[in-house]
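Reader: I'd like a close look at a single part of this one, with its surroundings walked through at an easy pace. Here is the model I have in mind.

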Amino acid sequence: MTNTELLKRSIDDSGISITFLAGKLGISREGFYKKMNGETEYKASEIFKIQKILHLTDKMRDKIFF
């Protein structure tokens, strides 16, 4: 289960907007919010893209997504 609060904090700390991040993932802003709210699941490829864009360590990625 995704730690949404930690993900939101990581996004805020990065200075990157949700809209920009969603665009980099090839999904709509609304689609990204559905993932954040647990309505749909993240694909493994999306998790690794988020990790790269937000410059997350493996440990932080695991805290957020696993």
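Which residues does Lys 35 touch, not counting residues up to four places away in sequence?

Author: Before anything else, keep in mind that this is a predicted model. With that said, Lys 35 touches Ile 27, Thr 40, Glu 41, Tyr 42 and Glu 46, once residues up to four places away in sequence are left out. Let's take the lysine itself, then follow its contacts outward.

Lys 35 is found in helix H3, which covers residues 29–36. You might wonder whether to call this lysine buried or exposed. Its relative accessibility is 9%, so Lys 35 counts as buried, the cut-off being under 20%.

Of the contacts, Glu 46 is a good one to start with, because side chains of opposite charge can pair when their charged atoms come close. Here Lys 35 and Glu 46 form a salt bridge, and their closest N and O atoms are 3.0 Å apart. The glutamate sits in helix H4 and the lysine in helix H3, so this pair ties together parts that are 11 residues apart in sequence. Glu 46 is buried, just as Lys 35 is.

Now for Tyr 42, another of the residues that Lys 35 touches. Tyr 42 has aromatic company, and the count of aromatic pairs in the model comes to two. One of them joins Phe 32 and Tyr 42 edge-to-face, with 6.3 Å from centre to centre and 75 degrees between the planes. Phe 32 belongs to helix H3, while Tyr 42 is in the loop between H3 and helix H4 (44–54), so the pair ties together parts that are 10 residues apart in sequence. Both of these residues are buried.

The other pair is Tyr 42 with Phe 65, again edge-to-face, at 5.0 Å centre to centre and with 75 degrees between the planes. Because Phe 65 is in helix H5 (residues 58–65) and Tyr 42 is in the loop between H3 and H4, this pair ties together parts that are 23 residues apart in sequence. Phe 65 is buried, as is Tyr 42. Put together, Phe 32, Tyr 42 and Phe 65 make one aromatic cluster.

Next comes the open space. Rolling a probe the size of a water molecule over the atoms shows where empty space is left. The largest pocket in this model has a volume of about 200 Å³. Lys 35 is one of its lining residues, and so are its contacts Thr 40, Glu 41 and Tyr 42. Phe 65 also helps to line this pocket, as do Met 1, Thr 2, Thr 4, Met 36, Asn 37, Gly 38 and Ile 47. Sorted by class, the lining has five nonpolar, five polar and two charged residues.

Gly 38 deserves a moment of its own among those lining residues. Its place is in the loop between H3 and H4. With 59% relative accessibility, Gly 38 counts as exposed, because the cut-off for that is over 50%. The C-alpha atoms of Gly 38 and Thr 4 are 8.7 Å apart, although these positions lie 34 residues apart along the chain. Thr 4 is also one of the residues that line the largest pocket.

Back to charge for a bit. The structure holds three salt bridges, so there is more to see than the one at Lys 35. Arg 61 forms a salt bridge with Asp 58, where the closest N and O atoms are 3.3 Å apart. Both lie in helix H5, three residues apart, which is about one turn of the helix. Arg 61 also forms a salt bridge with Asp 62, and there the closest N and O atoms are 2.9 Å apart. Through shared partners, these salt bridges join Asp 58, Arg 61 and Asp 62 into one network. Arg 61 is buried, at a relative accessible area of 12%. Asp 58 is partly exposed at 47%, and Asp 62 is partly exposed at 32%.

One last stop is the loop between H4 and H5, where His 55 lies. Most residues other than glycine have a negative phi. His 55, however, has a positive phi of about 55 degrees although it is not a glycine. At 71% relative accessibility, His 55 counts as exposed.

Conventions
Residues numbered from 1 in each chain as written. Predicted model: local features only at pLDDT ≥ 70, side-chain atom pairs only at ≥ 80, totals over all residues. Heavy atoms only, no water. 1 Å grid on protein atoms, 1.4 Å probe; cavity = no way out; pocket = protein on both sides within 12 Å on 5 of 7 lines; lining within 4 Å. Points joined across faces, edges and corners; volume = space filled by probe spheres on them. Nonpolar A, V, L, I, M, F, W, Y, C, P; charged D, E, K, R; others polar. Phe/Tyr/Trp six-rings, centres within 6.5 Å; stacked < 30°, edge-to-face > 60°. Helix = DSSP H or I, 4+ residues; strand = E, 2+ residues; numbered from the N terminus. Buried < 20%, exposed > 50% of the residue type's maximum accessible area, 1.4 Å probe, protein only. Salt bridge = Lys/Arg side-chain N within 4 Å of Asp/Glu carboxyl O. Contact = heavy atoms within 4.5 Å.
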